[in-house]
Amino acid sequence: MPTGITETQKRKCSDFVGAGSISNAVDLLKSEVGMTLKDAKVTVSHISKTGQKCHWCQKDLAASGELECRDCHSLNFVWRASK
Ligand SMILES: [Zn+2]
């Protein structure tokens, strides 16, 4: 689980991912949160792109925050509201 990330940083990061700007999201985690490149990439890979849907199987997730998909058990970071 990522720690030390503010809600604002989570939202910005999620916006970048949703817009397809993966490198911007990685840069934000590195420069603002202080993550290593490796940790930043791993974190970004778990961020849901489309609100409350699993980043891996696209199934609806029950909630937001850091949670495991009930279908494929992927770890998801749902850092923005659906829609
Ligand atoms: Zn899933």
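This is a walk through a predicted model, from a helix pair to the nonpolar core and then to two partly exposed residues.

Start with the first two helices. Helix 1 covers residues 7-18, and helix 2 covers residues 22-33. Their axes come within 7 Å. They cross at roughly 160°. Angles over 145 degrees count as roughly antiparallel, so helix 1 and helix 2 are roughly antiparallel to each other. The crossing of the two is right-handed.

Now look at the residues that make this contact. Helix 1 brings Gln 9, Lys 12, Cys 13, Phe 16 and Val 17. Helix 2 brings Ile 22, Asn 24, Ala 25, Leu 28, Leu 29, Glu 32 and Val 33. By class, the contact has 8 nonpolar residues, 2 polar ones and 2 charged ones.

Ala 25 is worth a stop. Leaving aside neighbours within four places in sequence, Ala 25 is in contact with Cys 13, Phe 16 and Val 17, and also with Val 44. Helix 3 spans residues 37-45.

That leads to the core. In soluble globular proteins, nonpolar side chains tend to be buried together. In this model, the largest nonpolar core has 17 residues. Those with the most contacts inside the core are Cys 13, Val 17, Ala 25, Leu 29, Val 44 and Ile 47. At least two core residues come from each of helix 1, helix 2, helix 3 and strand 2, which is 75-78. Helix 2 gives the most, with 4 residues.

Next, Asp 39. This residue sits in helix 3. Is Asp 39 buried, exposed or partly exposed? A residue is buried if 20 or more other C-beta atoms lie within 10 Å of its own, and exposed if 12 or fewer do. Asp 39 has 15, so Asp 39 is partly exposed. Along the chain, Asp 39 and Val 26 are 13 residues apart. Their C-alpha atoms are separated by 8.9 Å.

Finish with Lys 59. Lys 59 lies in the loop between helix 3 and strand 1, the latter at 65-68. With 14 C-beta neighbours inside 10 Å, Lys 59 also counts as partly exposed. Which residues does Lys 59 touch, not counting those up to four places away in sequence? They are Lys 53, Cys 54, Cys 69 and Asp 71. Lys 10 makes a reference point at the other end of a long count: Lys 59 and Lys 10 are 49 residues apart along the chain. Their C-alpha atoms are separated by 21 Å.

How values were computed. Residues numbered from 1 in each chain as written. Predicted model: local features only at pLDDT ≥ 70, side-chain atom pairs only at ≥ 80, totals over all residues. Axes fitted to C-alpha atoms, helices over the stretch in contact; angles between N-to-C directions. Parallel < 35°, antiparallel > 145°, perpendicular 65-115°, else oblique. Left-handed = near helix turned anticlockwise from the far one by under 90°. Contact = placed C-beta atoms within 7 Å. Nonpolar A, V, L, I, M, F, W, Y, C, P; charged D, E, K, R; others polar. Core = buried A, V, L, I, M, F, W, Y, C linked by C-beta atoms within 7 Å.
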